[in-house]
Amino acid sequence: SVLEDWVENLGNVTTFGRHGLFTPDNTHHAMVMGYEAADALGSGKFDHDHWSAARDRFAQHIAET
């Protein structure tokens, strides 16, 4: 959480994916993260509310082995 807080305070920086969000998710979860990041940037201006809601949904991902 310390690193996530630090990254959130960096202007114009977004971290995502399994390593960037410190989540040991499966590939299909990582793909969803990429789609959500693209959607958040879709208008040309980063939609922080969209990204925040997506990050909340990522917490529900369950890694399958």
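Visitor: Where along the chain does leucine 10 have its place?

Guide: This is a predicted model, with residues numbered from 1 along each chain as its sequence is written. Local features need pLDDT of at least 70, side-chain atom pairs count only at pLDDT 80 or more, totals for chains, interfaces and linings use all residues, and side-chain values use heavy atoms, leaving out hydrogens and water. Helices here are DSSP runs (H or I, at least four residues), numbered from the N terminus. Leucine 10 has its place in the loop between α1 and α2.

Visitor: Is leucine 10 buried, partly exposed or exposed?

Guide: Look at its relative accessible area, which is 31%. Buried means under 20%, exposed over 50%, and partly exposed in between (1.4 Å probe, protein chains only). So leucine 10 counts as partly exposed.

Visitor: What is the relative accessible area of phenylalanine 16?

Guide: Phenylalanine 16 sits in the loop between α1 (2-8) and α2 (17-20). This residue is partly exposed, because its relative accessible area is 43%.

Visitor: How far apart are the C-alpha atoms of phenylalanine 16 and methionine 33?

Guide: Along the chain, phenylalanine 16 and methionine 33 are 17 residues apart. Follow the fold in space instead, and their C-alpha atoms are separated by 6.6 Å.

Visitor: Which residue forms a salt bridge with arginine 57?

Guide: Side chains of opposite charge can pair when their charged atoms come close. A search of the whole structure turns up 1 salt bridge (a side-chain nitrogen of Lys or Arg within 4 Å of a carboxyl oxygen of Asp or Glu). In the pair with arginine 57, the closest N and O atoms are 3.0 Å apart, and the partner is glutamate 36.

Visitor: Which helices does that pair link?

Guide: The two residues are 21 residues apart, so the pair links distant parts of the chain. Glutamate 36 belongs to α3 (residues 27-41), and arginine 57 to α4 (residues 48-58). The helices are α3 and α4.

Visitor: Which of the two, arginine 57 or glutamate 36, is buried?

Guide: Arginine 57 has 41% relative accessibility, so it counts as partly exposed. The other partner has a relative accessible area of 13%, so the buried one is glutamate 36.

Visitor: Which elements give two or more residues to the largest nonpolar core?

Guide: A nonpolar core joins buried Ala, Val, Leu, Ile, Met, Phe, Trp, Tyr and Cys residues through side-chain atoms within 4.5 Å. The largest one has 7 residues: Met33, Ala37, Ala40, Phe46, Trp51, Ala54 and Phe58. The elements giving two or more of them are α3 and α4.
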